[in-house]
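Reader: I am in my first year and would like a close look at one part of this model. Please take me through the place where the ligand sits.

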Amino acid sequence: MPIEVTVVTSNRGKFVEIQEMLQSRGWTVHWSRRTLPEPQADTLEEVVHAKLDAVGPARGWVLVEDSGFFVGALNGFPGVYSAYALRTLGLRPLLRWVRGRRRDAVFRTVAGIRHGNLRWTARGEVAGSVASSPRGRHGFGFDPIFIPQGGRRTYGQLTSAEKGRTSHRSRAILALARQIEKGGAPAPRAPARNRRTARPRK
Ligand code: IMP
């Protein structure tokens, strides 16, 4: 069945990556360029459910996602606070804090799709390491400092097609697309609790 979906995000980079992935599966992809309110939450799933709520009444399929960069040496920070950390601190303090320490990091995405009152979610992640300095001119956000496992180049040194082959986002979107295409059962809504706890979890 051909699926027409509207991706709601203010981030052009995310939209382009999602569009490439879903178009290659025959989906029609529209962009609603909006900033959705993000609650202070412990998990990416909670944020995704809040974004799906915030979309409001919508016709057809609506897709949102939330991503985080979890640095091992920082006990998972910035994690669910990645957007805020990047906006207020930038990349340099992160690089300073991991200097001389373990450099492992994980990128995670939770993607959610809604159709009427039904919703589905899926998670994707990629392990890797924090580069010693920013490299590359592609991508956005943390791309210049993340080296996915098994490679030597940062995401910033990969084209969006190369990144899309194995990225956290493509894994989440692919898992979501497969559920929808198979007619899989919708996900239960995440309970909206622990919204104010400060510790970043997965
Ligand atoms: P968001 O809350 O999902 O928009 O993302 C959290 C932060 O991570 C934002 O600052 C994004 O720019 C950044 N981010 C999200 N996805 C990626 C990615 O694939 N590569 C690099 N940075 C990302």
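Author: What follows is a walk around the ligand, with a short stop at a pair of aromatic rings. Keep in mind that this model is predicted.

Start with the space itself. The ligand takes up the largest pocket. Three elements each give two or more residues to the shell around the ligand. They are strand 3 (61–71), helix 3 (82–88) and helix 6 (168–182).

Next, the neighbours. There are 16 residues around the ligand. Those that come nearest are Lys-14, Ser-67, Asp-143, Lys-163 and Arg-169. By type, the shell holds seven charged residues, five nonpolar ones and four polar ones.

Now the contacts. Lys-163 has a polar side-chain atom 2.7 Å from an oxygen atom of the ligand. In the side chain of His-168, an N or O atom is 3.0 Å from a ligand oxygen atom. Arg-169 places an N or O atom of its side chain 2.7 Å from a nitrogen atom of the ligand. How much of the ligand does the protein bury? Taken alone, the ligand exposes 480 Å², and the protein buries 91% of that.

Last, the rings. The whole structure has nine aromatic pairs. One of them joins Phe-69 and Phe-107: the ring centres are 5.0 Å apart and the planes meet at 45 degrees, so this pair counts as tilted. Phe-69 belongs to strand 3, while Phe-107 lies in strand 5 (residues 104–115). The two are 38 residues apart, so the pair links distant parts of the chain. Strand 3 also gives residues to the ligand's shell.

How values were computed. Residues are numbered from 1 along each chain as its sequence is written. This is a predicted model: local features need pLDDT of at least 70, side-chain atom pairs count only at pLDDT 80 or more; totals for chains, interfaces and linings use all residues. Side-chain values use heavy atoms; hydrogens and water are left out. A residue is near a molecule or strand if one of its heavy atoms lies within 4 Å of it. A polar contact is a pair of N or O atoms within 3.5 Å; within protein, one must be able to donate a hydrogen and the other to accept it, and residues adjacent in sequence count only if both atoms are side-chain atoms. Accessible areas come from the Shrake-Rupley method with a 1.4 Å probe; for residues, only the protein chains shown count as cover. On a 1 Å grid over the protein atoms alone, a cavity is a set of points where a 1.4 Å probe fits but cannot get out, and a pocket is an open set with protein on both sides within 12 Å along at least five of seven lines; lining residues have an atom within 4 Å of a point. A molecule sits in a cavity or pocket if more than half of its atoms lie within 2 Å of its grid points. Helices (H or I, at least four residues) and strands (E, at least two) are DSSP runs, numbered from the N terminus. Ala, Val, Leu, Ile, Met, Phe, Trp, Tyr, Cys and Pro count as nonpolar, Asp, Glu, Lys and Arg as charged, and the others, Gly among them, as polar. Rings of Phe, Tyr and Trp (its six-membered ring) pair if their centres lie within 6.5 Å; planes under 30 degrees apart count as stacked, over 60 as edge-to-face and the rest as tilted.
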